[in-house]
Amino acid sequence: MKRNATAFRYHAARNGTLVGLMVLIGLFTVLNDHFLTTRNATAILQSAAPLAVVVIPLALLVITGSVDLSIGSIASMGGVIGASLMGHTDSTLAGVVGGLAFGAAAGGINGGLVSYLGLNPIVVTLGALAVWQGIARYATNGATLVDVTPGFGKFGTAKLFGIPAEVYVAAAVALVAWWVLNRRPFGRHIYAVGGNERAAYLMGVRVKRVRFILFTVTGMAAAGTGLMQAALLQAAPPDVGLGLEFSALTIILLGGVGFAGGTGRVAGVLAGLFFVGVLQDGLVITGTSEFLQQVFVGAALIVAVALDASVARLGRRTWGERGLLSTTAEEHPDRLEQSPEPVGVGSGREEER
Amino acid sequence: MTGSQDTTTTGAALEAAPVRLSMRDVRVAFGATIALDGVDLDVRAGEIVGLLGHNGAGKSTLIKVAIGSVKPQAGSLEIDGRAQSLDAGPRARERAGIRAMHQDPALTGNLSIADNVALCGPLEREPAARRREAAAAALARLGIELSPDRPVETLSVAERQMVDLARAIAAPLRVLLLDEPTATLGKHETDRLHEILRSLAAEGTAIVYVSHRMRDVVAVCSRVVVLREGRVVMDGSTAGVSGPQLSRALSPADATVHDAHPTTPGREVLAVETPGGPVALRSGEILGLYGMAAGPQEGLLTSLFGLAAPVEAQLDGAPYRPGSPHEAIDCGVYFVSADREREGLLADMSGADNVTLPWLRSMCRAGGVSHEAIGRMYTRSRQALHIHGPGGEAPLNAFSGGNRQKHVLARWLFGPEPKVLLLVQPTQGVDVGARTDIAATLREAAAHGVAILVASSEADEISLLCDRVLIADGPSWQEVPRMPNWEERMVEVLLREHELA
């Protein structure tokens, strides 16, 4: 009986964001008649969609134990490049392809510097954040580009079966990410790199390539987010992605992806995404000051992290699961006898190259 | 051996010296494993005691009990006749005058030598000038010409160890413990360290010296204590110990030749040019490479897996120079590291993932990885290696230690058939039952034509698994055929190559 109670608490804590999301929906439904309506649900989905496109690939990158802080600037640049190509060529396709190609290239540069030169991802992408933001503002003189093609503008307002077009794009991104993560070898490699980089390398996983690919995809997705925003606004402001990295990382952490790497699920990230989306929407329609939104989102993040820390403890109490560290000490006294680098010559080479 | 001559002359004087460190009936168990089973150790002032034993014998655990980082279940510890609380941590022991020089010193890189020497010690609250002075004095006493202001991150590993030693002697020192101090040191640096230890001993410090390198122990220690399975099996002055006596004490208790079915070697699969001469490996044989811990046998295996500087090698008659593990794996050469817990396992991923990860590409259908293919390989692995524990979906750290290690072996045995299997200490840290399972599975793989290379510093592991052995660490490899008392013979040859017997 007691075990069942702890098991329930374990699962509740593990899916804390989902529980929180349901509590929020219940709360806002009671507080405001307009909350639980098709129109409002559509609005929530539409505003969450561009964010989802970049948050999901970024979550995969975080699972490998890395991070990209430059997504906001890449999104701004993606929108600006797309809009200006459309202005010059009158071709929607050229604008979209050009914007995405820029994103992939910018992500590739981040990935190359991090993977192959072994630079710190936080430092590299913090630098890239400033560089691309600066270039976007310099190239446009800080002015918003408004000459997007009419076709592109239509995409921003188009609906299929009453659901905005962006939502389909986001759903496709989520599905592909789920498929790769759970059904493709590459997905296992992502978890392996984040869980134990050295062991993954010794199993033949091309650790550097895995991260490089994810940086490239994340960059491309960030540009995609910028383009979607531009379609929604029918214009490309050079600072459209300002602060995007903060909201994206908040969602990822709320979604149960650990910064240490190796853990996280697409479903969790979606729960995080909707938690933030519903919270913001609910606060708006209940007339709460928008300044308070930040307070609630920040507090939710801290609660989520605190829950996360207690999950492992609850799990141990429930099933007596032992962590790796405790078992090595308990069951392998010879571990204590070993030199810290038994393969001596070998270790560290992968990082050096 | 100048060291042993010195110690015979001073031997009588040492008998009269007071006992500095006294440990009585120390018992430590990690779960069901008994690491120390009632160990007594007395070290007199001015004595340097060499602590020997194979992996898992309890040497490091004993050191950790002495410095307070492992709490024993029973026993007592006295310093200069004063009982010490067993609950006390490292800080209290340091205050009592017990300090250690670590193999891998935990120093703060961006602080200066002087700051590191003072860190967490009695000097910590002194003014900067006073700390610098004390550090300079400690360095001078060790005969080290380093500026106390130099940041530690600019030092080599050997120099860092010296800073760690300076830290140990900067405050009044009664007992000094050294855990594998020479593992990363060259010959010149080792001699220098030994000089320092002799002068510290002459000042009345009691010293315990743990090492795998018997040459070093014989050179500097006045007494040798051998541990085996958590018990003291030998305790005597270095001068009175003969090579055969030492090899018997170091061999495991059940030192018998395992009557393994001889395999039938086929064609030559791998030919390697090593500094110690050519090594040839034929299909269907299990060749042991025996040497001191971290010796050339381990270096050779890491090179063959593309982890270290490449060696001249031919695989099936074609040149073989892997630049990384995945290239080696593509050639059918697989590797199991000695540190499987840290280098072989994905603790948070499932048992099935851990076994199938390198082979997922070959298990794909249109929709993705085939769960049937994964299930087939995993089921076969569990049956063949008798893996016990939760289902294949459970994370690997829910399995016990031996079963976790079996997953690593299964990964390389039951995927695409290996040409060459490179194993470093494959049965280390594994219980007796699992050892037998692993030995039987390797033998079966060899019977299917796999060529297996086992690098080990444990003679019993070689005799359990291998058909023949090449002994390393001398100028060349020396082959010792299977014979009665094979293990003792192996240890003897290794000791002889170290000019000890």
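**Strands and helices across the two domains of chain B**

In this predicted model, strand β11 of chain B, which covers residues 268-274, pairs with strand β14 of chain B (residues 312-315) in the antiparallel sense, and four bridges connect them. Within that pairing, Val272(B) stands opposite Ala313(B) of β14(B). Strand β11(B) also pairs with strand β12 of chain B (residues 277-282), again in the antiparallel sense, here over six bridges, and a hairpin of two residues joins β11(B) to β12(B). One of the bridges between them sets Glu268(B) against its partner Arg282(B) in β12(B).

To place these strands in the chain, it helps to turn to the domains. Chain B is divided into domain 1, residues 2-248, and domain 2, residues 268-497, and the centres of the two domains, taken over C-alpha atoms, are separated by 35 Å.

A further sheet of chain B is open and built of six strands in the order β6-β7-β8-β3-β9-β10, with mixed pairing. Its edge strands, each pairing on one side only, are β6 (98-101) and β10 (231-237) of chain B, and neighbouring strands of the sheet are turned against each other by 20 degrees on average, direction ignored. Within the sheet, β3 (residues 48-52) and β9 (residues 223-228) of chain B pair in the parallel sense over four bridges, and Val49(B) has Arg223(B) of β9(B) as its bridge partner. Helix α6 of chain B (residues 157-170) packs on the sheet, where it touches β6 and β7 (175-179) of chain B, and its direction makes about 175 degrees with that of β6(B). Helix α7 of chain B (residues 187-202) lies across β3, β7 and β8 (206-210) of chain B, running at about 150 degrees to β8(B).

Note on methods. Residues numbered from 1 in each chain as written. Chains lettered and ligands numbered in written order. Predicted model: local features only at pLDDT ≥ 70, side-chain atom pairs only at ≥ 80, totals over all residues. Domains from an automatic or database assignment. Pairing = 2+ DSSP bridges. Axes fitted to C-alpha atoms, helices over the stretch in contact; angles between N-to-C directions. Contact = placed C-beta atoms within 7 Å.
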